[in-house]
Amino acid sequence: MQYFFMAALCWMLVEGIYLYLYTVKVYNVSHKMLVYHLLSWGIPAVFVSISLGIATGINGIDSFVNDKYCWLSSRSGALWIFVTFVVLVELANTVIVVRVIKEMASMQHTSDKKIKKARLGIRACLVLMPLLGITWFFGLLTPVHTAFLYVTVILNSTQV
């Protein structure tokens, strides 16, 4: 489960990189698909291997694969590996979204009003948020209040 969550987050990062290269740098990005696949499937394998090694060293392999235990255990440290991974991916995608919105706003004619630019940026941001997985930030707030759990599930369901 950890591997597939991390792979999904990596694909969201790849979408952000793809969007950045396509919008800001205006590169031909279709020939880099092999690199995208290697990143999206390989990086999670490394992090899951680290989590598995830590969990095995602390409580044995059973604590990572047994149905009675959660792989997001704070005792083994796997929780913090996953949370750090989510934060890094989401920060990168947030920077990408801000840069893309800034680029999109600068493409408008200079005579346009600032309000129109702000609306365009907000609309673009709202559309791009679920695609790039920025809704996972609400998942990080679930320890604060249970309502964030519901918000996370609802917002992440818009990715489909």
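Modeller: Contact here means heavy atoms within 4.5 Å, and the model under discussion is a predicted one.

Colleague: Which residues does S40 touch, not counting residues up to four places away in sequence?

Modeller: S40 has its place in helix α2, which spans residues 33–59. Once residues up to four places away in sequence are set aside, the residues that S40 touches are A7, C10, W11 and V14.

Colleague: Is S40 buried or exposed?

Modeller: The cut-off for a buried residue is under 20% relative accessible area. Because the relative accessibility of S40 is 0%, this residue of the predicted model counts as buried.

Colleague: Which helix gives the most to the largest nonpolar core?

Modeller: That core has 11 residues in all, including M6, V48, F85 and W136. Helices α1 and α4 (78–106) each supply at least two residues of this core. With five residues, the helix that gives the most to this core is α4.

Colleague: Is I154, in helix α7, buried or exposed?

Modeller: I154, which lies in helix α7 (residues 147–156), joins L149, Y150 and V153 in making a nonpolar surface patch of about 440 Å². Exposed residues are those over 50% relative accessible area; because I154 has a relative accessible area of 55%, I154 is exposed.

Colleague: Which element of the protein has the lowest mean pLDDT?

Modeller: The protein averages a pLDDT of 78, and 76% of the residues score at least 70. Where pLDDT is low, the predicted coordinates should not be read in detail. Among the elements, helix α1 (residues 2–25) has the highest mean, 85, while the lowest, 64, belongs to helix α3 (residues 62–65).

Note on methods:
Residues numbered from 1 in each chain as written. Predicted model: local features only at pLDDT ≥ 70, side-chain atom pairs only at ≥ 80, totals over all residues. Heavy atoms only, no water. Helix = DSSP H or I, 4+ residues; strand = E, 2+ residues; numbered from the N terminus. Buried < 20%, exposed > 50% of the residue type's maximum accessible area, 1.4 Å probe, protein only. pLDDT = per-residue confidence, 0-100. Patch = residues over 30% accessible without salt bridge, like charges linked within 9 Å, V, L, I, M, F, W, Y side chains within 5 Å. Areas by Shrake-Rupley, 256 points an atom, 1.4 Å probe, with all protein chains shown as cover. Salt bridge = Lys/Arg side-chain N within 4 Å of Asp/Glu carboxyl O. Core = buried A, V, L, I, M, F, W, Y, C linked by side-chain atoms within 4.5 Å.
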